[in-house]
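Let's take a walk through this model together, beginning with a single side chain and working outwards. Keep the structure open beside you as you read.

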Amino acid sequence: MIGLQWGDEGKGKIVDLLSENYDAICRFQGGPNAGHTIEIGDQKHVLHTIPSGIFRKHTINLVGNGLVIDPITFQREIEGLMQSGLDCRENLYVALKAHLILPTHRMLDAGSEAHKGKEKIGSTLRGIGPTYMDKTGRNGLRVGDILRQDFKKRYEKLREKHLGLASMYPNVDFDLAGEEEKWFKAIDQMRNMKLVNCEYFMSQMLSDRKKILAEGAQGTMLDITYGTYPFVTSSNTITAGVCDGLGVPPSAIGNVMGITKAYCTRVGSGPFPTELFDEDGEALMEAGREFGATTGRQRRCGWVDIPQLRYVCMINGVTELTVTKLDVLSAVKTFKAATSYQLQNGDWTSEFPFDAESDIAKIKYLEFNGWDDDLEHLKSYDQLPEQAGKFIRFLESELGIPVKLVSVGPERNQTIFR
Ligand code: GDP
Ligand code: IMO
Ligand code: MG
């Protein structure tokens, strides 16, 4: 399940729903920058590191090799679930090769953003960038390292390095001693968890013909290579990231489910071609309650963008689509979809350009009439207003991929199977 926009497409909701039919749900990249919201009845949960299959007692939930884990937020999530009556320690597995986010990684994230000033990425300040930098820089600490005798010494060595780096950045307010105390307590708890050799674990499940769903975090437009660089996250959010992050061969991947909102949002800085700055944008933001699940920041809103979606479906090899938040379009009288971009040299293109900020001069849109009905209570596809059906068919024909699921509300059951 891959996010086809800039994140927050509703992955958590849909993965939770589908997990009923899977043996295992596996996160393969990202970390606590993710915020996956799940609403079951009147209970609402936001998961950051734990996969969204955790509410199914018999489903294996694996935090894969490709992740960066903050032990503090991870334990807090587990405790939060405990408080709501769910003990997830039995079906939660953690990969030995996942990297650890140190308190000083978060400090560096804040320092780097302060240093960038107006050009900041708008990171979630969870330490994601610095931790992946240490991974590729070959300095990082991994989950498996917590079992070593000299773990503390390794920690201190990396911490020293970070303090040296931090001196290059403006001072940020950070209670290092306090955070370290919490961190080591959380590490102690992590030692008692089910730590696994992810690639062998996956291989065994594949041999046993288990049904496995890999749950993406972020979205393709935030991918480190294919996103709107440098305003991206630091991991491979695309289908190829599944192979890297879980240690599975490409041939193990069957269906690629792509998920998109019926409009588009982005949180943080960076290009967003179809962004709205008018009442329609306001209306989408309010009706869609577009506030970040991790940081609470207001999300920027805009129209759905066909060249952008075509680009990401191409990269990911998407075989089926899920369209979420169709109900939110009830808040506007008419709505639009971008169909092509005019470049600075006057040429029209349906490709996503190298630099979306400066290369796009103009955007061509197709306008759709809205509908008056609320969609939240609809149960079947044929109950959708005619205009909504027309929009779904438009997406299918533009992208050449069938829409299998339509989501009309945040609750688990507010979903229409096609
Ligand atoms: P994720 O990061 O992709 O899992 O998405 P988030 O949880 O960050 O953001 C999606 C938000 O939209 C959450 O608040 C969901 O509860 C909510 N949501 C998901 N699907 C729908 C839908 O079809 N309609 C409405 N109105 N809200 C939805
Ligand atoms: P989910 O899984 C939306 C954005 C941040 C920032 C950029 C880099 O809930 O869809 P980072 O902390 O990763 O260094 O931030 O990426 N970002 C997200 N936006 N949804 C997410 O995850 C995001 N994770 C990171 O806002 O612009
Ligand atoms: Mg989210």
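Start at N316, which counts as buried because its relative accessibility is 4%, below the 20% cut-off used for that label. Please keep in mind throughout that this is a predicted model. N316 sits in helix α10, which spans residues 306-316.

What does the side chain of N316 reach? One polar contact goes to the side chain of T220, at 2.8 Å. The N316 side chain also comes to 2.9 Å from the backbone oxygen of V312, and V312 is itself one of the buried residues of α10. If you set aside neighbours within four places in sequence, the residues in contact with N316 are I2, L4, T220, I238, T239 and V256.

Now widen the view to the whole helix. Eight of the 11 residues of α10 are buried, so the helix is largely enclosed by the rest of the structure. Besides N316, the buried set consists of I306, P307, Q308, L309, Y311, V312 and C313. Just after the helix comes G317, where phi is positive, near 65 degrees.

With that helix in mind, we can turn to the domains. The domain assignment divides the protein into domain 1 (1-253) and domain 2 (256-418). Between the C-alpha centres of domain 1 and domain 2 there is a distance of 27 Å. The contact draws on 45 residues from domain 1 and 44 residues from domain 2.

Where does the second largest pocket lie with respect to these domains? Both domain 1 and domain 2 give residues to its lining, so the pocket lies between them. Its volume is about 740 Å³. Of the 33 residues that line the pocket, those nearest its centre are E39, G288, R289, K325 and P410. The elements that supply two or more lining residues are α1 (11-18), β3 (36-40) and β4 (43-47). Of the contributions to this lining, that of β3 is the most, at four residues. Sorted by class, the lining holds 13 charged, 11 polar and nine nonpolar residues.

K325, one of the residues nearest the pocket centre, leads us to R299, since K325 is among the residues that R299 touches. R299 lies in the loop between α9 (279-287) and β13 (300-302). Is R299 buried or exposed? With a relative accessible area of 9%, R299 is buried. A polar atom of the R299 side chain lies 3.4 Å from the backbone oxygen of F291. Not counting residues up to four places away in sequence, R299 touches D8, K261, T265, R266, V267, M285, E290, F291, G292, A293 and K325.

Our last stop is Y22, in the loop between α1 and β2 (24-27). You met α1 a moment ago, as one of the elements lining the second largest pocket. Y22 has a relative accessibility of 19% and therefore counts as buried, given that the label applies under 20%. Which residues does Y22 touch, apart from those up to four places away in sequence? They are T59, K211, I212, L213 and M257. For T59, you can also check the backbone: the C-alpha atoms of Y22 and T59 are separated by 6.9 Å, although the two residues are 37 residues apart along the chain.

How values were computed. Residues numbered from 1 in each chain as written. Chains lettered and ligands numbered in written order. Predicted model: local features only at pLDDT ≥ 70, side-chain atom pairs only at ≥ 80, totals over all residues. Heavy atoms only, no water. Buried < 20%, exposed > 50% of the residue type's maximum accessible area, 1.4 Å probe, protein only. Polar contact = N/O pair within 3.5 Å; in protein donor to acceptor, adjacent residues only side chain to side chain. Contact = heavy atoms within 4.5 Å. 1 Å grid on protein atoms, 1.4 Å probe; cavity = no way out; pocket = protein on both sides within 12 Å on 5 of 7 lines; lining within 4 Å. Points joined across faces, edges and corners; volume = space filled by probe spheres on them. Nonpolar A, V, L, I, M, F, W, Y, C, P; charged D, E, K, R; others polar. Domains from an automatic or database assignment.
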